[in-house]
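Work through the exercises below with the model open beside you. Each task is followed by a stepwise solution.

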Amino acid sequence: MKHFEANFDGLVGPTHNYAGLSFGNVASLNNAALVSNPKAAAKQGLQKAKALADLGMIQGILAPQERPDLNTLRRIGFSGSDAEVLRQAAKTAPALLNACCSASSMWTANAATVSPSADTRDGKLHFTPANLVDKLHRSIEPITTGRILTATFNDPHYFHHHNHLPEHNSFGDEGAANHTRLCQEYGHAGVELFVYGQEATNPHAPKPLKFPARQTLEASMAIARLHQLEAENCVFIQQNPDVIDQGVFHNDVIAVGNQNVLFYHEQAFLNTQAKLDEIKRKLDTELYFIEVPTAKVSINDAVKSYLFNTQIITLPSGEMAIIAPTDCQENPAVYAYLNELLSLSTPIKQVLYFDVKQSMQNGGGPACLRLRVAMNEREVAAVNQHTLLTDALFTRLNTWVEKHYRDRLSTEDLADPQLVIESRTALDELTQIMKLGSVYPFQR
Ligand SMILES: N=C(N)NCCC[C@H](NC(=O)CCC(=O)O)C(=O)O
């Protein structure tokens, strides 16, 4: 049977904006006052997704969430008509209104952790939506994320959907951004790497001092249990707290893996050598550990360029390619490193650059925009086929974006009641295009 790794990219929602909501995420804070362009953001994301589909990859799309989130605003005491709720919130609690308007569900690397059927005891593909408790604007995502995932991977014979973990800091879970999988072939049992920032229940364990560690060991271990993984197929690695304090808020800002390649910065982890040895012991295949030294790329350059927030993909030819943001081309040290990488004897043979600046300005690179799902051909056939990116869907979605999205949005615009109407009209049409059913609160 054939096996693939599909990428499901988050479609950028109509309220994409820069509100400076993510403490510890340097780009989000630095670009807080910018005016965004939701139309350009959605089109940049679709272009990247289409390019991967054109390379012969299986490419899916995950629908965005309903924003402004009026349900949450009502839950915290704002009342009256939709316009009145927005007006009161803008006047008395603008930070809460901003949190309820973020299009942050576009970063689907944070949608869920996914374990392919080759790794799980029941032979099903497991999904656990991330609870994202560290950030208010993200903590309101998991319920609708679960509905969208269930509508996308909608055959219970193949797909097992779990609830998100308990909503407490002890179980802070950021999904696939802190998880990667190494394997020989996508369809063979692999080793799942869970990278956590902090051990919540051990006050003596190392942790960052300045910025939050969003993922806990307790959450990672809970996911491994839920997904029915064998201990022999899991490795738990602590992120280096010093780099979290330099803006590495997720592991996918400092490391990325694909099949037998782990590409990471020298300073990414704690106890690196012991952990690499454990991976070697648990995965009996030829492994490429590509460690980037600080002398070639500083942490600052890695965070600015998102060198490690690249996607490493295996092309149908068997060669690997890196999907990088154009910001990597614009950073001399990083660009030089990527050119040098192509001359080394590793499976990575090409680098392809994409302009995803609208997302980058909020701290989301190419890898943040996608959820990876390794599947066999039967599982691919069991996916809701209207979510897979064909030429027709690409054209349809571009037309849809063109029709419904604004090309300019500032945080002042978030209180505009017209934005609620525009967003709901767009999403209602989208659920019909992608045959998702009633996944949004306004449809239920
Ligand atoms: N690394 C991965 N996988 N994802 C990146 C997520 C970026 C996102 N930014 C934001 O949510 C900024 C929103 C704002 O400031 O308006 C976050 O910090 O959670």
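**Exercise 1. Contacts of L430**

Task: In this predicted model, find what L430 is in contact with, leaving aside its neighbours within four places in sequence.

Solution.
- Step 1. Drop the sequence neighbours within four places; L430 is then in contact with L11, A63, P64, L397, W400 and Y440.
- Step 2. Place L430 in a wider set. The largest nonpolar core has 73 residues. L430 is among those with the most contacts inside it, along with F8, F153, V373, M375 and L397.
- Step 3. Ask which element gives the most to this core. Helix 16 does, with five residues.
- Step 4. Look for another core. A second, separate one has 20 residues, including V292, I322, A324 and V351.

**Exercise 2. Geometry and faces of helix 16**

Task: Check the span of helix 16 (residues 391-404), then decide which residues are buried and which exposed residues lie on the face turned away.

Solution.
- Step 1. Take 14 residues at 1.5 Å a residue. The span counts one less than the number of residues, so helix 16 should cover 20 Å. The end C-alpha atoms are 20 Å apart, which agrees.
- Step 2. List the buried residues of helix 16: L393, F394, L397, N398, W400, V401 and H404.
- Step 3. Check their directions. They cover an arc of only 160° around the axis, so they sit on the same side of helix 16.
- Step 4. Relate this to helix geometry. An α-helix has 3.6 residues a turn, so residues three or four places apart point the same way.
- Step 5. Turn to the other face. Exposed residues D391, A392 and K403 are carried there, away from the buried side.
- Step 6. Find the packing partners. The buried residues of helix 16 pack against helix 2 (38-54), strand 2 (59-62) and helix 17 (417-433).

**Exercise 3. Helix 7: enclosed or open?**

Task: Decide how far helix 7 (residues 142-152) is enclosed by the rest of the structure.

Solution.
- Step 1. Identify the buried residues of helix 7: P142, T144, T145, G146, I148, L149, A151 and T152.
- Step 2. Compare with the helix length. Eight of the 11 residues are buried, so helix 7 is largely enclosed by the rest of the structure.

**Exercise 4. Around the ligand**

Task: State how many residues surround the ligand, then find polar atoms that lie by its nitrogen atoms.

Solution.
- Step 1. Count the surroundings. The ligand has 22 residues around it; the closest are L21, S22, H137, D252 and C368.
- Step 2. Take the side chains. A polar side-chain atom of D252 is 2.7 Å from a ligand nitrogen atom. For N110, a polar side-chain atom lies 3.0 Å from a nitrogen atom of the ligand.
- Step 3. Add the backbone. A polar backbone atom of N362 is 3.0 Å from a nitrogen atom of the ligand.

**Exercise 5. E66 and its loop**

Task: Is E66 buried or exposed, and what does its side chain reach?

Solution.
- Step 1. Locate E66. It is in the loop between strand 2 and helix 3 (70-75).
- Step 2. Apply the cut-off. Buried means under 20%. E66 has 7% relative accessibility, so it counts as buried.
- Step 3. Trace the side chain. It makes a polar contact with the side chain of R424 at 3.3 Å. It also reaches the backbone nitrogen of F442 at 3.0 Å.
- Step 4. List contacts, not counting residues up to four places away in sequence. E66 touches R424, L427, Y440, P441 and F442.
- Step 5. Inspect P68, in the loop between strand 2 and helix 3. The peptide bond from R67 to P68 is cis, with omega near -5°.

**Exercise 6. Two positive phi values**

Task: For Q228 and N271, give phi, then the location and exposure of each residue.

Solution.
- Step 1. Recall the background. Most residues other than glycine have a negative phi, and most peptide bonds are trans.
- Step 2. Take Q228. Its phi is near 55°, a positive value. Q228 lies in the loop between helix 8 (217-226) and strand 8 (234-238). With a relative accessible area of 21%, Q228 is partly exposed.
- Step 3. Take N271. Its phi is about 55°, again positive, although N271 is not a glycine. N271 lies in the loop between strand 10 (261-265) and helix 10 (272-282). Its relative accessible area is 58%, so N271 is exposed.

Key
Residues numbered from 1 in each chain as written. Predicted model: local features only at pLDDT ≥ 70, side-chain atom pairs only at ≥ 80, totals over all residues. Heavy atoms only, no water. Helix = DSSP H or I, 4+ residues; strand = E, 2+ residues; numbered from the N terminus. Buried < 20%, exposed > 50% of the residue type's maximum accessible area, 1.4 Å probe, protein only. Arc of directions from axis to C-beta. Contact = heavy atoms within 4.5 Å. Core = buried A, V, L, I, M, F, W, Y, C linked by side-chain atoms within 4.5 Å. Near = heavy atom within 4 Å. Polar contact = N/O pair within 3.5 Å; in protein donor to acceptor, adjacent residues only side chain to side chain.
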